[in-house]
Amino acid sequence: MQVSFNDGDRAIDPSIEPMFEKLAGLCTLPTVAQKVIQIADDSASDATDLLVVIEQDPAVSARLMQVVNSAYCGLRNPVGDLKTALTLLGVERVRNLALTLSIGAVLGRHDTSGRLDPTRLWDHAVCVGTVSRMIAKRSDACHPEEAYLAGLLHDIGLLFINQHLGSLVPRVLALLKSGVALPTAEHRVLGFDHAQLGAYVAWRGHFPPSLVHTIDYHHNPAACPEADATQTRIVAVANYLATRYGRGSVADRRLPAPPEGVLAPLGLNLNALRHLWAELPDAVANVNELTSS
Ligand SMILES: [Fe+2]
Ligand SMILES: [Fe+2]
């Protein structure tokens, strides 16, 4: 028998469920990040609600103003307050900046001994978010800021594995070195993969369903329910490009190219992929404005 989650369209082995339950209790995001994600899913929320949430965390507010005035946002004139930033950049963009900074501040505090490098993981997350936004703008198939959010959070399961099951990570990395794909290596060592854990935690945390689906299926977009398949395909392509560019979650650039069935619905082909590749250096050039503390 399998245990259903993700509104019944996904199932996990019952032997894994108790461990997922336990991990889901440990795998929490910072308060600001959780509230910002809830606002993202609430159509009744507006810019004022977002301001109230962000201003509850002075450290995030201060960093946000730094980033708003950095090369990453590319504004012509300096901005002095969050309200003006919201007007100039839009609610979704500021929401995503606040989310990125609040999660990033927490992840930077974890130790790195014998495990995945949290700085690298976070750079990968922000790069995939940024490239997802670029692809969404180009394909015009998905709101660019929703694509950023999905890209940013796609590997959240890997962050949680690193934090809470870090002692097992070297065995996963050893398999990876011998050519085994990451999800397969995780299944062999842990009994599950980071996409499953990330989706489960996101589902338990009441993330929007589209986000849960993209986290769940980013390594297998062909299996994603059609309603959220476009966003998932975009993140899968962004994950491929960022990884091949050397900005992967682990120091391994090997990842098979997305198949035609992933590219074609986005209006992409191998030639278009080459164009995106050429745009990558500019797209990710200022990512460190967001990832440095
Ligand atoms: Fe992944
Ligand atoms: Fe990834």
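**Exercise 1.** In this predicted model, find how helix H14 (residues 229–244) packs against helix H16 (residues 270–284): give the angle and the distance between axes.

*Solution.* Start with the axes. They lie 11 Å apart and form an angle of about 55 degrees. Next, classify. Angles of 65 to 115 degrees count as roughly perpendicular and those under 35 as roughly parallel. The angle of H14 to H16 is in neither range, so the pair is oblique. Last, the hand: H14 and H16 cross in a right-handed way.

**Exercise 2.** List the residues through which H14 and H16 meet, then sort them by class.

*Solution.* From H14, take Val237, Tyr240, Leu241 and Arg244. From H16, take Leu273, Leu276, Trp277 and Leu280. Now sort. Seven residues of this contact are nonpolar, none is polar and one is charged. Arg counts as charged, so the charged residue is Arg244 of H14.

**Exercise 3.** Identify the protein donors of the iron ion (ligand 2) and describe their arrangement.

*Solution.* Four residues supply donors: His124 (NE2), His154 (NE2), Asp155 (OD) and Asn239 (OD1). Their distances from the ion are 2.1 to 2.3 Å. Along the chain, the spacing reads H-x29-H-D-x83-N. Now check the angles. They run from 84 to 175 degrees, so the arrangement is irregular.

**Exercise 4.** Which residue coordinates both the iron ion (ligand 2) and the iron ion (ligand 1), and how far apart are the two ions?

*Solution.* The shared residue is Asp155, and the ions are 3.7 Å apart. Then place the donors. Asp155 sits in the loop between helix H8 (144–153) and helix H9 (156–164). Asn239 belongs to helix H14, 84 residues from Asp155. Distant parts of the chain are thus linked.

How values were computed
Residues numbered from 1 in each chain as written. Chains lettered and ligands numbered in written order. Predicted model: local features only at pLDDT ≥ 70, side-chain atom pairs only at ≥ 80, totals over all residues. Heavy atoms only, no water. Axes fitted to C-alpha atoms, helices over the stretch in contact; angles between N-to-C directions. Helix = DSSP H or I, 4+ residues; strand = E, 2+ residues; numbered from the N terminus. Parallel < 35°, antiparallel > 145°, perpendicular 65-115°, else oblique. Left-handed = near helix turned anticlockwise from the far one by under 90°. Contact = heavy atoms within 4.5 Å. Donors = N, O, S within 2.8 Å, 3.2 Å for Na, K, Ca; no water. Tetrahedral: all angles 85-135°; square planar, octahedral: opposite > 155°, others 65-115°.
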